[in-house]
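Colleague: I have a fresh model open and would enjoy going through it with you. Could we take it one question at a time?

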Amino acid sequence: MKIAIFFITILHATFIFCQTPKRASTFFDFQLFYGIDNSKANPSFTGKGLLWEINGSSDKFVGNKMRFGRNWYVGKTEKKNVILQVSWIECGLYSAGGIFNPLQIGLGRRFLFSEKKSIEFLTNGGAFFYTDDFLFPSIDAGMCWNFEMKYCHNQWKYGIHWQHYSSLSFQYIGLNVGFNIHKK
């Protein structure tokens, strides 16, 4: 229940920010990722990590994802801003199937070093849908959250992305390359 209230509050704040002229940017990201699926070995998955194989029974996978969304930069000072991020759509393929996240909402912090260089730390989450087989797909749904750190130079963003799927037993780490399409 607390998670639902949190996401409703963030979604409401998003629509408020959409109506007021703030500093904002629309972004497009591309990710290459590596992950583990531990659902067969341990359905309760304690999250021991991506690089450790638990009893040799974890399935490893690789994939790629694309994400499209918008960041609003809010704050009184120009050097440090709070980021409200909405990823409108995120979809990708991995070695066994596909992933689709229709809406992710999150918060972050931006540290501005100069007009062209900054670092962003973000966390966001939302609902997801995935399939584990292309030939005989069974679609599952759940919640996911991620943490990311990005170095921004001009319109380009480079970073690291970690994502955990709470209702499944898999997580991944990825390299992120993105750019701002429109800046206001």
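Modeller: Gladly, and please keep in mind that this is a predicted model. A good place to begin is the sulfur chemistry.

Colleague: How many disulfides does the structure hold?

Modeller: A disulfide needs a pair of cysteine sulfur atoms within 2.5 Å. By that criterion, the number of disulfides in the structure is zero.

Colleague: Is cysteine 144 buried or exposed? And what about cysteine 152, buried or exposed?

Modeller: The cut-off for buried is under 20% relative accessible area. Cysteine 144 has 2% relative accessibility, so cysteine 144 is buried. Cysteine 152 comes to 5%, and therefore cysteine 152 also counts as buried.

Colleague: Let's move to the overall fold. In what order do the elements of the protein chain run?

Modeller: The secondary structure comes to one helix and nine strands. Read from the N terminus on, the order is α-β-β-β-β-β-β-β-β-β.

Colleague: What share of the contacts with a separation of 6 or more comes from residues 24 or more positions apart?

Modeller: For context, the protein chain has 184 residues, and 42% of them are buried. Among contacts with a separation of 6 or more, the share from residues 24 or more positions apart is 61%.

Colleague: Now asparagine 101. Where does it lie, and is it buried or exposed?

Modeller: Asparagine 101 lies in strand β4, which covers residues 97-101. Its relative accessible area is 0%, and since buried means under 20%, asparagine 101 is buried.

Colleague: Which residues is asparagine 101 in contact with, leaving aside its neighbours within four places in sequence?

Modeller: Cysteine 144, which we met as a buried residue, is one of these partners. The full set is Lys65, Trp88, Ile89, Glu90, Ala127, Phe128, Phe129, Cys144, Gln163 and Tyr165.

Colleague: Tryptophan 88 is on that list. Is tryptophan 88 buried, partly exposed or exposed?

Modeller: Tryptophan 88 has its place in strand β3, residues 80-94. It also helps to make a nonpolar surface patch of about 630 Å², together with Phe68, Ile89, Phe100, Phe129, Ile139 and Ile181. Its relative accessibility is 34%, which falls between the 20% and 50% cut-offs, so tryptophan 88 is partly exposed.

Colleague: On to charges. Which residue forms a salt bridge with glutamate 90?

Modeller: The structure holds six salt bridges. In this one, the closest N and O atoms are 2.0 Å apart, and the partner of glutamate 90 is lysine 65. The pair links distant parts of the chain, 25 residues apart: glutamate 90 in strand β3 and lysine 65 in strand β2. Both glutamate 90 and its partner are buried, that partner being lysine 65.

Colleague: How far apart are the closest N and O atoms of aspartate 29 and arginine 67?

Modeller: Both aspartate 29 and arginine 67 are buried. They form a salt bridge, and the closest N and O atoms are apart by 2.6 Å. This pair also links distant parts of the chain, with aspartate 29 in strand β1 and arginine 67 in strand β2, and the separation along the chain is 38 residues.

Colleague: Which residues are linked in a network of salt bridges?

Modeller: Arginine 67 also meets glutamate 148 in a salt bridge, at 2.9 Å from N to O. That pair joins strand β2 to strand β7 across 81 residues. The linked residues of the network are Asp29, Arg67, Glu148 and Lys150.

Terms used: Residues are numbered from 1 along each chain as its sequence is written. This is a predicted model: local features need pLDDT of at least 70, side-chain atom pairs count only at pLDDT 80 or more; totals for chains, interfaces and linings use all residues. Side-chain values use heavy atoms; hydrogens and water are left out. Buried means under 20% relative accessible area, exposed over 50%, partly exposed in between (1.4 Å probe, protein chains only). Helices (H or I, at least four residues) and strands (E, at least two) are DSSP runs, numbered from the N terminus. Contact means heavy atoms within 4.5 Å. Patches are made of residues with over 30% relative accessible area and no salt bridge: like charges are joined within 9 Å, nonpolar side chains (Val, Leu, Ile, Met, Phe, Trp, Tyr) within 5 Å. Accessible areas come from the Shrake-Rupley method with a 1.4 Å probe; for residues, only the protein chains shown count as cover. A salt bridge is a side-chain nitrogen of Lys or Arg within 4 Å of a carboxyl oxygen of Asp or Glu.
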